[in-house]
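Visitor: I am new to this structure. Please pick one helix, take me through it closely, and then place it beside the main core.

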Amino acid sequence: DVSDWSSDVCSSDLFKKQAKALGKWLAAKGFPVATLHGDLSQGAREHAIQAFRAAEARVLVATDVAARGLDVPNVSAVINFSLGGSIDHYVHRVGRCGRAGRTGVAHTFIVDGDESLAAPLVKLLEHNRQVVPPELTELVRATERAEQAACAREIEGVDELEEEEETLLLEQRKANRERQRQHYKERMAKEKKQQNRMYRRH
């Protein structure tokens with residue numbers, strides 16, 4: 001029963017189409033929701049933010065760009081649909097809940113493309129004495145293995161390229177020596193003919 005809710009929920013890091021679709025779905029399910037995205041007019045944006053601040057809308061669905069700089073008190077839950085562009089970005093979004101000594105919880109989905117931020121996230125959680133899910137630890141290991149394999153393939157490719165270049169250089173040197181020998185033979189043959197002519201004259 002949404003009337004029993006004692007907290008507001010902010011959902012972010014969505015694309016415009018996703019924000020619109022999620023907002024419509026939640027509204028159809030009876031959730032008091034406001035949607036914030038770049039296609040709204042300034043007036044509509046202000047109305048959505050005001051409805052969320054006044055608790056008329058207990059859920060705010062927002063694209064990440066539209067939610068930048070958003071400062072709403074009493075937000076006790078944040079749902080992120082990806083880690084975002086950086087760990088600093090993630091920390092900023094998570095910090096929208098539990099402000100001023102209040103309690104709060106943030107739920108974040110780790111999706112394709114977030115792999116590079118898994119290791120920094122583990123360090124952040126450990127630094128703040130938070131529980132690190134085993135799945136996140138395994139993702140870090142899998143990402144490291146994939147990076148090492150990619151690095152090995154790159155090094156192998158460089159080695160193969162160097163071998164090809166060395167082979168080509170040797171072939172060029174061999175061809176140059178063959179041309180020099182041929183040129184020397186032609187010159188000697190020419191000089192011999194000239195000498196024979198001189199002998200015949202004498």
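Guide: What follows is a walk along one helix, then a look at the core.

This is a predicted model, in which local features need pLDDT of at least 70, side-chain atom pairs count only at pLDDT 80 or more, and totals for chains, interfaces and linings use all residues. Residues are numbered from 1 along each chain as its sequence is written, and side-chain values use heavy atoms, without hydrogens or water.

The helix is α1, residues 16–28 (helices are DSSP runs of H or I, at least four residues; strands are runs of E, at least two). Its 13 residues should span 18 Å at 1.5 Å a residue (1.5 Å times one less than the number of residues), and the end C-alpha atoms are 18 Å apart, so the two agree. Ala-19, Gly-23 and Leu-26 are the buried residues of α1 (under 20% relative accessible area with a 1.4 Å probe, protein chains only; exposed is over 50%). They cover an arc of only 70° around the axis, taken from the directions to the C-beta atoms, and therefore sit on the same side of α1. On the face turned away from that buried side are the exposed residues Lys-17, Lys-24 and Ala-28. After α1 comes Gly-30, with a positive phi near 95°.

Now the core. The largest nonpolar core (buried Ala, Val, Leu, Ile, Met, Phe, Trp, Tyr and Cys joined through side-chain atoms within 4.5 Å) has 14 residues. Among those touching the most other members are Ala-34, Phe-52 and Val-75. At least two residues of this core come from each of β2 (33–36), α2 (42–53), β3 (59–63) and β4 (75–80). Helix α2 gives the largest share, four residues.
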